[in-house]
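This report describes the strand arrangement and the main pocket of one protein model. The sequence and structure are shown first.

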Amino acid sequence: TLTPVAGAQVEIRSSTNSLLKTVLTDADGWYMWLYKHTGKAATFTVTLPVYNLEQTVTLKSNQFVVTSFTLP
């Protein structure tokens with residue numbers, strides 16, 4: 001649906017599947033992890049474990065990535 005989900009757990013994992021950070025969505029369904037990446041582009045996996053959803057993203061040096069999920 002297009003209804004925001006507050007309090008959803010979001011996990012960010014490295015390319016080796018190590019858990020880097022767990023955050024919760026806010027009242028508007030947004031989440032953010034303040035992380036400054038330098039060096040070569042890196043791949044991260046963003047998951048919503050309760051919903052069994054995941055996305056793989058590539059983060060380039062000194063940039064940001066926006067991900068969004070649509071729940072079934």
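In what order do the four strands form an open sheet, and is the pairing parallel or antiparallel?

## The sheet

In this predicted model, the strands of the open sheet follow the order β2-β1-β3-β4, and their pairing is antiparallel. β2, which spans residues 19-24, and β4 are the edge strands, each pairing on one side only. When direction is ignored, neighbouring strands of the sheet are turned by 20 degrees against each other on average.

## The pairing of β1 with β2

Strand β1 covers residues 9-13 and pairs with β2 in the antiparallel sense. Five bridges join these two strands. One partnership can be named at the residue level: Arg13 has Leu19, in β2, as its bridge partner.

## The largest pocket

The volume of the largest pocket is about 840 Å³. Its lining comprises 29 residues, of which Tyr31, Met32, Val65, Val66 and Thr67 are the closest to the pocket centre.

Which strand gives the most to this lining? That strand is β3, with three residues. Both β3 (residues 42-48) and β4 (residues 53-59) supply at least two residues each to the lining of the largest pocket. Thus β4 is an edge strand of the sheet and also a contributor to the pocket lining.

## Character of the lining

Sorted by class, the residues that line the largest pocket include 20 that are nonpolar and eight that are polar. The charged class is represented by one residue.

Note on methods. Residues numbered from 1 in each chain as written. Predicted model: local features only at pLDDT ≥ 70, side-chain atom pairs only at ≥ 80, totals over all residues. Heavy atoms only, no water. 1 Å grid on protein atoms, 1.4 Å probe; cavity = no way out; pocket = protein on both sides within 12 Å on 5 of 7 lines; lining within 4 Å. Points joined across faces, edges and corners; volume = space filled by probe spheres on them. Nonpolar A, V, L, I, M, F, W, Y, C, P; charged D, E, K, R; others polar. Pairing = 2+ DSSP bridges. Axes fitted to C-alpha atoms, helices over the stretch in contact; angles between N-to-C directions.
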